[in-house]
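Welcome, and thanks for opening the viewer. Let's take a short walk through this fold, one selection at a time.

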Amino acid sequence: MKICVVGAGYVGLVSAAIMADWQHDVVCVDNNYQKIEALLAGKLPIFETGLQELVDLNVREGRLSFTADSAEALGNCELIVIAVGTPPASDGHPNLAALWAVVKNLRENVHRNVVVMIKSTVPVGTNEAVSLYLNEGSGERFSVVSVPEFLRQGTAVYDFLNPDRLVVGCNSEEIKEQMAELFRPLDCPRIFTDWHSAEMIKYASNTFLAMKISYINTIANLCEAMGGNVKDVAAAVGLDCRIGQAFLKPGVGFGGSCLAKDTRALVAQGEARGVNVWMFRDILKVNYEQRMRIVEQLTETLGNLKGKKIAVMGLAFKANTDDLREAPSVTIISQIVKLGGLVKAYDPVVDIANLHGISSVVAAGSPYDACQGADAAILLTEWEEFLNLDLDRLQKSMNYPLFIDGRYLFERNKLQEHGFIIPAQPSGEQGQISA
C-alpha cells in the first residue's frame, strides 16, 4: 500500500517507520524544512529507543522516504495518516490549526478516493467534522477513520508493535476490513467502534492514567504526614487485579505531551457542555502541587534560596526520552531560579539549550559535576544510571547534603546511611511483599 504520513513527530515518525517495515511504500511529510533536512541526513529530531535503526533500515531498503513537498508526498497514495500536533490552547481546548491546514490541503489537492486516518488526538466530534468538510459536494471520496495512538515516549516503537488494544473508529464495513488488514501484524484485541467513541477512548485512557498518578502521589503525601511507606502501600494496592500496578509509582508527578494536555482538553470539553468535571481539574491541581512540594522542601530546609547552589539530576519528563514537554523539571527549575537559586543540571540526553526561557541554568557533565559544592540535590528523572550512583562520593562533594528524591529511586534509610539529609521523613521500614 502507498501511504503518506503527515507529521514527523513522535507519532508520525514511529508510524511511518513501522508501516514501512511492514513492507508498505511510505513517505513522511512535514512542513518543518530543518526537520526534513535532518531526516534526509539520517538524523532523527527525537530520541526514541530503537527508532533510529528502524528508520535507517527502511530508508536503505527504499520503503521509507521524507519530504517537505506535500504535493509530492500525496502523489498516488491510498492512505493518508494525519499525525500532526494538537497542542493545548490557552483555554485548554486542543489547537487544531495544524490538523485543519492538512485537511484543507487534502480537499484542494487530492482528487481521488482515499482513506484518511487521523492519529492526532482530537476533541470528540472532530472526525465527523473532517469527513463532512472533505466530502462536501464531492460524494464520499474521502473515507475518514479514527485510529488513536497509545504510545509512550521512550518505548514508542515497542508500544506500537505490542499494543494492549487497537482502537478503530469508522462508519463502514469496507474501511473496517481495510484497517483489519493493515494492522494484521498486531496481535491484540481490536475495538471497532464509531468516531465519537474512538476519540473519547483516547481521552478517557489518558485521564485515567493521570488520575492514578495523582492518586498515588496523594497517598504518598499522606504516608509522609501520618506514617507509612508509600512504596509498600503502592505495591500491595497494585496487587489487586481490579487496580493493577501500572502508574502507581509515586513521585514528582506526570509530564509529557499527553496526560496533562488531554486532561485539560477533557475538562474544557466537559465545561463547554455543562458537565461537572471537578475530578479532572483536581488531577491537574495535585500534579502541579507535587512540583511545588519540591520547592517547598528546599525552602523549608535551606531557607532563602538566593545564592544557594541546587543540583538537578534529570531534566526529561521521564527516562529514555529527551522530551521536555510538561516536564516537572522545567516548572521546578523556573521556581528555583525565580527565588534566586543557582541551578546546575545534568541529563544524559537532554540539551540544556532546550530549557527555553531559563537561560541561567548551567550544564553539568555528570551527576557528580552537578553536585560539586551544591547545597541540595534534586533527582527528577528516573534514569537507570542514577541507580548506580556512588552515594558516598556524591555526599562528600556537596556543601550541604540535602537530597530530595523526586522519583523514590532510593530507600530513605540508605540515603541517610550515606550521610544525606532527607526532608519529610516517613516512619516505617520497607516491608516484604510476596505473591
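Keep in mind on the way that this is a predicted model. Start by selecting β12 (376-379) and showing its side chains. Both faces of this strand are covered: A376 and I378 are buried on one side, while A377 and L379 are buried on the other.

Next, add the strands that pair with β12. Bring in β9 (309-313), which runs parallel to β12 over four bridges; here V312 has I378 as its bridge partner. Then add β13 (402-405), also paired with β12 in the parallel sense over four bridges. For this pair, look for A376 and its bridge partner L402. Now trace the chain from β12 through α15 to β13: this β-α-β crossover is right-handed.

Stay on β13 and select F403. Which residues does F403 contact, leaving aside neighbours within four places in sequence? They are M313, A377, L379, L394, F410, L415, F420, I421, I422 and P423.

Zoom out to the largest nonpolar core, which has 50 residues. F403 is one of the four that touch the most other members, together with L298, M313 and L315. Colour the elements that each supply at least two residues of this core, among them α12 (278-302), α13 (328-338), β10 (342-346), α14 (367-371) and α15 (391-397), as well as the three strands you have already visited. In soluble globular proteins, nonpolar side chains tend to be buried together.

For the last stop, select V115, L151, L166 and M179. These belong to a second, separate core of 42 residues.

Notes. Residues are numbered from 1 along each chain as its sequence is written. This is a predicted model: local features need pLDDT of at least 70, side-chain atom pairs count only at pLDDT 80 or more; totals for chains, interfaces and linings use all residues. Side-chain values use heavy atoms; hydrogens and water are left out. A nonpolar core is a set of buried Ala, Val, Leu, Ile, Met, Phe, Trp, Tyr and Cys residues joined through side-chain atoms within 4.5 Å. Buried means under 20% relative accessible area, exposed over 50%, partly exposed in between (1.4 Å probe, protein chains only). Contact means heavy atoms within 4.5 Å. Two strands pair if DSSP finds at least two bridges between them. A crossover is right-handed if, with the strands pointing away from the viewer, the path from the first strand over the helix to the second runs clockwise.
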